[in-house]
Amino acid sequence: CSARRVEGVHVSFQKMISKFSSGAYRPITYEGYYEGKRRLDAVGISLPAKARVLEIQAPFAKMAVDVLTEILIPDGYRVADDDKAGVVELLRKTWQANDMDSQFNLAAAEAISAGAAYWVIAPPDDEHEFASIRAVDAKHARVRINFRGEVVEGVVLYRRDDGNVGATYYTPDGVEFYVKGKYDWKSVGQGRQDQWGASIVPMFNRARLSDKYGRSDLRELTSVIDAASRTLTNLQVAQEVASSPLRAIVGDGASNMIDQYPEKMQAYMGNLIAIPSGGDVKQLTGMALDPFINTYRSYALQLSAMTGIPPSMMGVSSDNNPTSAEALRVAKDRLIARAENKQRQFSDALERVGRIVAQANGMSLDGLEALEVTWRDAAAPSTSAQMANALQAHSQGIIGDETAREFLHLTPEQLRREKARGDKMDADAGLDMPEAPEAPEDAEEDSAGE
């Protein structure tokens, strides 16, 4: 039975790796747009090879992703059951041990631009006190899910220490390791058996129910980005050859002089003409670049409407730029709503990761059904803004000292010191003095009799 199981796992891995190679279980990628490597000849512009330096890719794709990920900052885990406070503390330590603050930012950018990112979890062992969590991009990992959204199988490719390509095959029963040989993949042994299901968690970015394996947010922006890139390229070409005043050399043999000194005249190429003697030269001014600038601005405003990013963040000005902090927040309302929508989507994956980490440390899932991820306010994600909001709420009596300290993101040790300092101040002020005991009932009767 064991041999048949191993053979079945190997066959399933071969099918999965074949699907991986064919690009299955992966959304359409737009990496070229994010990295600024999209070639303009794909949209009808044909430039000579030597003139490719004039191509400019509009940076809107990277801006649309980065501006959104900058305000997606997870703040930790919480659970309604007070008896599970130890689990929350374990998850906090595991989060910090795996540098998840920076990992999540990279994984979120990957999920938004490519449609999916993956979290791979390994339980603690003799060499590692905490579970290992690492993010993998969509080019090196893939999963297959069932109709319930549960992972049926997954694979992660990586470079081994010996230089060969390795793969880890994930199933709900455990993991299997493979190495790519000269002709085919070979199993190098079964790994651990997991009791919590597949140790790979997909973080999909979706816009519709049909986006089973994710969707890139750049999908709808590509046509406008191509048009903006074409406008920028035309703008640079016009700037090089037509915006400056034209120069003319008048006289017999003028064209021969240009041909005789090509290197010296190269700096004026396109702006220099030869006219025979007797010719009439008028003032030849350069063309205006305003049509290109206005066209590019229109594309930027269109992308602003599509992404919710204020025009000021897109590098252009509009007729109604916000002039105050309140107006700026109103201008960012749609961007904030998009960020909160991403928070809800990505919370599912992070909560699944948290439950797997708890099980990998031998803890029960009872009471962890309500485990959830807390996020910083998308409207004011920076630490200084969070502190300002907490201090303002505290000064107005909306929140107490303890809640204000939590908003300030103090460590447990800092919270303990601050609480001890507050208790000492209360003791010095006499606020911790015990209340006077109530008079006994018989004393009240004696007083009434007298």
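Okay, one term before anything else: pLDDT is the predictor's confidence in each residue, from 0 to 100. I start there because what we have on screen is a predicted model. Averaged over the protein, pLDDT comes to 80, and 71% of the residues reach 70 or more. At the start of the chain, residues 1–7 stay under 50, and the model gives that stretch two contacts beyond four places in sequence. Where pLDDT is low, the predicted coordinates should not be read in detail, so I'll leave that stretch alone.

On to the sheets. There's an open one with three strands, in the order 3-2-9, and the pairing is antiparallel. Strand 3, residues 132–136, and strand 9, residues 200–204, are at the edges; each has a single partner strand, so one side of each has no neighbour in the sheet. From one strand to the next, the average turn is 20°, ignoring direction. Have a look at strand 2, residues 116–122: its antiparallel pairing with strand 3 runs over five bridges. If you want a residue pair to click on, W119 has A135 in strand 3 as its bridge partner.

What lies across this sheet? Two helices to mention here. Helix 5, residues 100–114, lies across strands 2, 3 and 9, and it runs at about 145° to strand 2. Helix 11 also lies across strand 2, strand 3 and strand 9, running at about 170° to strand 9.

Then there's another open sheet, five strands this time, ordered 4-5-6-7-8 and again with antiparallel pairing. The edges here are strand 4, at 141–145, and strand 8, at 185–193; each has a single partner, so one side of each is left without a neighbour in the sheet. Neighbouring strands in this one are turned by 15° on average, direction ignored. Inside it, strand 5, residues 151–159, pairs antiparallel with strand 6, residues 165–171, over six bridges. G154 is the residue standing opposite Y170 in strand 6.

Now helix packing, and I'll hang this on helix 9. How do helix 6 and helix 9 pack? Their angle is about 160°, with the axes 9 Å apart. The cut-off for roughly antiparallel is over 145 degrees, so helix 6 and helix 9 are roughly antiparallel to each other. Their crossing is left-handed. On the helix 6 side, the contact residues include V224, I225, A228, L232 and L235, and helix 9 brings in F292, I293, Y296, Y299 and L303, among others. By class, that contact has 13 nonpolar residues, four polar and no charged.

Next, take helix 9, residues 290–307, against helix 11, residues 333–360: the axes come within 9 Å and cross at roughly 45°. That makes helix 9 and helix 11 oblique to each other. From helix 9 you have A305, M306 and T307, and they meet R334, L335 and R338 of helix 11. The classes in this contact are three nonpolar, one polar and two charged. M306 is worth a click, since it's listed in the contact with helix 6 and also in the one with helix 11.

Last thing, backbone oddities. Most residues other than glycine have a negative phi. Which residues go the other way here? Y25 is one, with phi near 60°, and it lies in the loop between helix 1 and helix 2. D99 is another, with a positive phi of about 55°, in the loop between helix 4 and helix 5.

Technical notes
Residues are numbered from 1 along each chain as its sequence is written. This is a predicted model: local features need pLDDT of at least 70, side-chain atom pairs count only at pLDDT 80 or more; totals for chains, interfaces and linings use all residues. Side-chain values use heavy atoms; hydrogens and water are left out. Axes are lines fitted to C-alpha atoms, for helices over the stretch in contact, and angles run from 0 to 180 degrees between N-to-C directions. Helices (H or I, at least four residues) and strands (E, at least two) are DSSP runs, numbered from the N terminus. Angles under 35 degrees count as roughly parallel, over 145 as roughly antiparallel, 65 to 115 as roughly perpendicular and the rest as oblique. Contact means heavy atoms within 4.5 Å. Ala, Val, Leu, Ile, Met, Phe, Trp, Tyr, Cys and Pro count as nonpolar, Asp, Glu, Lys and Arg as charged, and the others, Gly among them, as polar. A crossing is left-handed if the near helix is turned anticlockwise from the far one by less than a right angle, and right-handed if clockwise. Two strands pair if DSSP finds at least two bridges between them.
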